[in-house]
Amino acid sequence: MMENELPEGWILAKVNEYFELVKDKIEPAENTSLSYVGLEHLMKGGGIDVTGNSDELKSTKSVFQKGDVLYGKLRPYLNKHAFVNFNGVCSTDILVFRSKENSNNKYLNYYLGTTEVISYANENSQGINLPRVSGTIMGNLEIPLPPLAEQTRIVAKLDTAFGHLETLKMGLARIPELLKKFRQTVLTQAVTGKLTEEWREENPHTEDSKILLDRIFEYKQEWAIGEALKGNSEARRLLSRLKHAKEISPENIPDKWLLGSLYDVCHLVVDCHNKTAPYEPSGIYLVRTTNVKNGQIILEDIRYISEETYDYWARRCPPMPGDIIFTREAPMGEAAIIPDNMQICLGQRTMLLRMPGNLLLNKYLLYTLLAPTMNNQIKDKAVGMGVEHLRVGDVESLMIPLPPLEEQQVIVNRVEALFAKSDAIEAQYQSLKAKIDQLPQALLAKAFRGELVQQDPTDEPASVLLEKIKGLTEAVGGKKKTKAGQTSLAFMEE
């Protein structure tokens with residue numbers, strides 16, 4: 001901002017003209033039980049999260065007083081700064097600013113959080129891996145300074161506005177967790193039959209799941225016999241294990257529903273090739289466990305393999321659109337449907353689940369696998385002292401509540417409708433959050449253009465204040481130091 005663009009009574013001054021860069025140091029071992037602020041305690045965007053204690057500190061630290069402003073000079077792009085309302089010590093990677101006389105420290109703290117200051121500090125920092133900005137550089141930073149009375153009004157207005165923003169953010173922060181709980185409740189209601197309770201009363205003549213389970217068996221048997229004759233090794237493997245599923249009808253599931261193992265209700269349950277495939281710069285997607293999250297395949301940080309590698313790694317059962325990928329380690333229990341027009345290969349610790357034609361809806365099975373009730377089964381079956389995982393047999397034995405086919409479709413439709421509503425709320429939340437996240441900088445920009453509060457022509461101009469400060473600085477002279485250039489801690493005893 002140019003001097004001629006400032007409101008009347010404002011000046012463009014350097015920080016070091018109004019605020020002193022405090023260089024007082026102490027040895028914490030000689031001054032225990034002091035509040036300690038390290039860079040880890042300063043929050044991105046401003047403020048202090050928690051504080052430490054000086055008892056365990058060994059190296060020399062900087063001293064600050066109540067009312068000072070702290071600024072993290074290491075990695076200044078993190079925008080770490082705070083106005084402190086207590087005495088203490090801090091890391092030497094934190095600059096300490098203090099008002100020289102009759103200037104507002106809180107005003108400086110707010111200005112340090114502006115995008116202009118962040119850009120200035122970044123552009124003038126030194127070092128590649130650990131960039132730092134010096135106290136001299138920050139002291140030479142130009143700050144638009146209004147009369148002191150107006151500084152106070154601006155700070156009061158910003159304090160109120162930022163307080164309201166913080167309250168609003170805290171309320172908004174609950175929404176993602178509430179939506180997550182809502183979706184989990186929907187899935188639980190879906191796979192326990194509660195979501196379609198009234199529908200069953202209105203449709204009492206649906207086909208019993210016992211018949212559906214028999215039809216799934218016949219589908220698998222017919223496919224296995226036909227493909228085995230063609231030399232398909234996966235078909236021969238299925239045929240050797242094929243047997244009628246046990247019909248389990250516990251009391252806690254609706255009439256006409258059954259519990260069947262994942263192996264019994266699916267056409268195929270196939271493990272991955274348990275070796276790390278050689279990566280290529282481009283090619284066919286290799287979906288690892290980290291690429292399966294929240295019911296979707298995430299292409300971020302995806303790896304690629306060649307056609308040749310794919311032919312070998314996927315030789316047991318090439319994944320097809322509509323199949324489900326299931327993870328059995330790191331993390332366990334994530335699942336996603338392979339979308340149309342996507343060719344993928346299974347990465348390590350993933351499994352493929354193929355539907356028995358149209359006798360089991362893949363979306364219904366996906367919702368079942370993602371439901372909290374399934375998570376309880378997975379935890380019970382998990383093995384391993386370090387990283388917990390599921391064995392292939394454990395995955396095959398996961399129990400799936402099987403409703404009649406018609407009811408499966410009703411469940412899918414209702415879950416999708418309810419999820420669409422929650423997705424719409426989430427979209428509104430994200431839009432509102434984005435606007436709120438922009439408000440602090442908008443408020444600060446308005447404040448330092450002189451547009452946040454009304455100017456008062458009777459306020460003493462900032463230029464007069466500057467002259468007073470210069471005069472006081474000259475009259476007071478240098479600060480008295482203790483031995484080894486360290487400052488007395490008399491203020492700590494207040």
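Which helices and strands each supply at least two residues of the lining of the second largest pocket? The legends below get to that one, and keep in mind that this is a predicted model.

**View 1. The second largest pocket, where α5 gives the most to the lining.** To settle the opening question: β8 (81-83), α2 (105-112), α5 and α14 each put in at least two residues. Six of the lining residues come from α5. The pocket holds about 720 Å³, and 25 residues line it. Look around its centre and you'll find Gly-45, Gly-46, Gly-47, Tyr-110 and Phe-162 lying nearest. By class, the lining splits into 10 nonpolar, 10 polar and five charged residues.

**View 2. The largest pocket, with a volume of about 1100 Å³.** Here the lining runs to 32 residues. Gln-184, Lys-293, Asn-294, Gly-295 and Leu-370 are the ones nearest the centre. Quite a few elements chip in with at least two residues each: the helices α5 (148-191), α11 (362-370), α12 (372-381) and α14 (405-447), plus the strands β16 (296-297) and β19 (332-337). If you're sorting the lining by chemistry, count 18 nonpolar residues, six polar and eight charged.

**View 3. Helix α3, with its buried residues on the same side.** Zoom in on residues 115-123 and pick out Val-117, Ile-118 and Ala-121, which are the buried residues of this helix. They end up on the same side of α3 because they span an arc of only 100° around the axis. The general rule behind this sort of pattern is that an α-helix has 3.6 residues a turn, so residues three or four places apart point the same way. Flip to the other side of α3 and there are Glu-116 and Glu-123, both exposed. What do the buried residues of α3 pack against? Their partners are β7 (69-72), α2 and α4 (135-139). Helix α2 also turned up in View 1, as a supplier of at least two lining residues.

**View 4. An open sheet of five strands with mixed pairing.** Reading across, the order goes β3-β6-β9-β4-β5. The edge strands are β3 (25-26) and β5 (52-53), each of which pairs on one side only. Further in, β4 (residues 35-37) and β9 (residues 88-90) run parallel and are joined by two bridges. For a handy landmark on this pair, find Tyr-36, which sits opposite Val-89 in β9.

How values were computed. Residues are numbered from 1 along each chain as its sequence is written. This is a predicted model: local features need pLDDT of at least 70, side-chain atom pairs count only at pLDDT 80 or more; totals for chains, interfaces and linings use all residues. Side-chain values use heavy atoms; hydrogens and water are left out. Two strands pair if DSSP finds at least two bridges between them. Helices (H or I, at least four residues) and strands (E, at least two) are DSSP runs, numbered from the N terminus. On a 1 Å grid over the protein atoms alone, a cavity is a set of points where a 1.4 Å probe fits but cannot get out, and a pocket is an open set with protein on both sides within 12 Å along at least five of seven lines; lining residues have an atom within 4 Å of a point. Grid points are joined across faces, edges and corners, and a volume is the space filled by probe spheres set on the points. Ala, Val, Leu, Ile, Met, Phe, Trp, Tyr, Cys and Pro count as nonpolar, Asp, Glu, Lys and Arg as charged, and the others, Gly among them, as polar. Buried means under 20% relative accessible area, exposed over 50%, partly exposed in between (1.4 Å probe, protein chains only). The arc is that of the directions from the helix axis to the C-beta atoms. Contact means heavy atoms within 4.5 Å.
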